[in-house]
Amino acid sequence: MAATELRGVVGPGPAAIAAPGGGGTGPPVVGGGGGRGDSGPGSGAALGTVAAAAAGGPGPGAGGVAAAGPAPAPPAGGSGGSGAGGSGSAREGWLFKWTNYIKGYQRRWFVLSNGLLSYYRSKAEMRHTCRGTINLATANITVEDSCNFIISNGGAQTYHLKASSEVERQRWVTALELAKAKAVKMLAESDESGDEESVSQTDKTELQNTLRTLSSKVEDLSTCNDLIAKHGTALQRSLSELEALRLPAESNEKIKQVNERATLFRITSNAMINACRDFLMLAQTHSKKWQKSLQYERDQRIRLEETLEQLAKQHNHLERAFRGATVLPANTPGTAGSGKDQCCSGKGDMSDEDDENEFFDAPEIITMPENLGHKRTGSNISGASSDISLDEQYKHQLEETKKEKRTRIPYKPNYSLNLWSIMKNCIGKELSKIPMPVNFNEPLSMLQRLTEDLEYHELLDRAAKCENSLEQLCYVAAFTVSSYSTTVFRTSKPFNPLLGETFELDRLEENGYRSLCEQVSHHPPAAAHHAESKNGWTLRQEIKITSKFRGKYLSIMPLGSIHCIFHATGHHYTWKKVTTTVHNIIVGKLWIDQSGEIDIVNHKTGDKCNLKFVPYSYFSRDVARKVTGEVTDPSGKVHFALLGTWDEKMDCFKVQPVVGENGGDARQRGHEAEESRVLLWKRNPLPKNAENMYYFSELALTLNAWESGTAPTDSRLRPDQRLMENGRWDEANAEKQRLEEKQRLSRKKREAEAMKATEDGTPYDPYKALWFERKKDPVTKELTHIYRGGYWECKEKQDWTSCPDIF
């Protein structure tokens, strides 16, 4: 076995530096152990390397073969009872192999030959049955501790092995490393022609440049080695001349020590340059193999992406085939109406289809449903496009006035999008920080979506008239649940508002309330909301949205408290939102779920309501999207029970205590409580053809309608959102990029001003919201944005000089 191969395994380690000198002439070889392939750590391989370097002198490379010789066979049986089969790269013997947690390590007979490691239950079994084989050319060898080591080829095969002693383990590892080096070399030589084909021209150029650099560095090292050898010889000559002088015996001893150290230094430098040359040779030998492995991994990743896309396509086609009997033909009259009936019929199996929300990736069609419970076919699109053209819809929109609320928006067009190419880069990230095309959006901003909480404002109107605080709490709880009803079909993402963007909704004349939202923070995104009603209540909230994409589902976690204050009684309620989860992001039919608990607290009386949003489960017999709740007084006594679903309705039951068997109070029985059932809230039906209009409710259809007199920062004036609503998505994407870049430049300008103020020592005011003020809430003690006033007064005067230019 060549010394160069031994150096690749053991190398000129600490043993090389510690090798005794010998006056510069005696080679530090102990028993010629450098040629043994089964040598343990420091048992001669490193010494042989240094000796070879010493024998080579200044001429590098000669020592590479000096230590080579006939490799003596290892002993027939080691401490672990193992035998050997001859050379260092061929070996056989007993090892302990991990089988499972019940049997643990079991004794097996292992044979290493021709780059393959095979094992058998016994030596006699070699004749007929092999229990397993691993190719060392693609395997990794890892040492765990003194006796254990692992051989793995990337996941398909992994052997956890244990030797009887540390020496035995090192013998096996050394033999395995040598066998692996040989196998890799043979594989590289056999695949040389194939490697040339799999490596691109760019990769070849980069590889050649790297090897050229390595060669240059090795030449530099060789030059340094020659200089060291030259000066070392001169140094030794000078020391010899000093020894010839008549000096005290003590000086001669010191000179002899210096001479020995100079010799050792020269030997070490020779060993170093030889090791560098070996490294260069190894890099040249294996570079093509490494490049081929890298290309293989790239190809595997591309194939995986293509497979996943095909899986999404096939999954959707299977769903179509399964539900094909329920889908109407393309041009059948009433198709859209039937879809509306299905989507409004509620919570069962939503099986109507609508291809307008599919995503396409030419030339393959990647079907990706975008709305909960509804698959899409071409029937809705064809009917929509044949009945009403985009221009007619836009014309109809312009003819609407503030008083005449619009009942339709332009139908959603069918745009192509490679969903996987975008979503694969979002796994585990905060979606608010990732620029997303408008293809994922609906033509409303988050501020408008937040205003949709007021769709069932009449619940608060009724609550304001309640004299009993516990009954009032029931209506507040129903209002809390009703805010989720709009999400059941709405899986599209609202636009992220720009910093300083606002949205007003003035329904004072029609419904008795008006509302204002403002984006008060960009990272993390946060919106402040204030609504007041002449019917005796005020609603305010600051919501921070955090979201994480986990590959299979998307979690949306709203943070912040919601406050509702009733003017007549002074009752002040607070609660927080639950987590929203969008399932089947990549493959399958999208559906939304709400899960978690909401505690509504009356801070004046101490009354509480605990609402539980039950997460959907395949194994549960309960109705889907179930919500339960209990209304308790400060002592914890239950007065009302709430039951319903967050997408359909909520009922209230009055709980009357009855005498139990042991004389204590017990809950009212179910059939008796049924008599006290009161319907608190029921979801309004969706508008006609809602499936073609992003499943917007009647209120949502009016939110983005143009109104005169609004602030220049109002969401209705946002150009990219308006372009998307009108079906011009390509222009909307370009406009969206422009707005985001403009916002980015504004942020950098603020950061530069802040840095300059810090350096100058001058005070600097950070960004402050225009209509809201950040201060500590007197009830929850949280820092939050509270409406400071002034917006409606400025609107009346049409004085918008303080508004920033964000669009």
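**Exercise 1. Classify Trp 537 as buried or exposed, and describe its aromatic partnership.**

Trp 537 has a relative accessibility of 0% and therefore counts as buried, where buried means under 20% relative accessible area, exposed over 50%, and partly exposed in between (1.4 Å probe, protein chains only). The model is a predicted one, in which local features need pLDDT of at least 70 and side-chain atom pairs count only at pLDDT 80 or more, while totals for chains, interfaces and linings use all residues. Residues are numbered from 1 along each chain as its sequence is written, and side-chain values use heavy atoms, with hydrogens and water left out.

The next step is the partner: Tyr 513 is also buried, because its relative accessible area is 1%. Tyr 513 and Trp 537 form a tilted aromatic pair, with 6.5 Å from centre to centre and 35° between the planes. Rings of Phe, Tyr and Trp (its six-membered ring) pair if their centres lie within 6.5 Å, and planes under 30 degrees apart count as stacked, over 60 as edge-to-face and the rest as tilted. Tyr 513 lies in strand E13 (residues 513-521) and Trp 537 in strand E15 (residues 537-549), so the pair ties together parts that are 24 residues apart in sequence. Helices (H or I, at least four residues) and strands (E, at least two) are DSSP runs, numbered from the N terminus.

**Exercise 2. Work out what surrounds the ring of Trp 94.**

Begin with the pair: the ring centres of Trp 94 and Trp 109 are 5.2 Å apart and the planes meet at 80°, so this pair is edge-to-face. Trp 94 belongs to strand E1 (residues 91-100) and Trp 109 to strand E2 (residues 104-113), so the pair ties together parts 15 residues apart in sequence. Next comes accessibility: Trp 94 is buried at 19%, and Trp 109 is buried at 5%. Finally, the charged end of Arg 107 sits over the ring of Trp 94, 3.9 Å from its centre; for this, NZ of Lys or CZ of Arg must be within 6 Å of the ring centre and within 35 degrees of the ring normal.

A search of the whole structure finds 17 aromatic pairs. Elsewhere, Trp 771, Tyr 791, Trp 792 and Trp 800 form one aromatic cluster, and the charged end of Arg 625 sits over the ring of Trp 646, 5.9 Å from its centre.

**Exercise 3. Describe helix H14, from its span to its start.**

Helix H14 (residues 469-482) has 14 residues, and from its first C-alpha to its last it reaches 20 Å, close to the 20 Å expected at 1.5 Å a residue; the expected span is 1.5 Å times one less than the number of residues. As for its cover, 13 of the 14 residues of H14 are buried. At the start of the helix, a side-chain oxygen of Asn 468 comes within 2.7 Å of the backbone nitrogen of Leu 470.

**Exercise 4. Place Ser 293 in the chain and in space.**

Ser 293 lies in helix H7 (residues 249-323), and at 34% relative accessibility Ser 293 counts as partly exposed. Although Ser 293 and Thr 138 are 155 residues apart along the chain, their C-alpha atoms are separated by 9.8 Å.

How values were computed:
A polar contact is a pair of N or O atoms within 3.5 Å; within protein, one must be able to donate a hydrogen and the other to accept it, and residues adjacent in sequence count only if both atoms are side-chain atoms.
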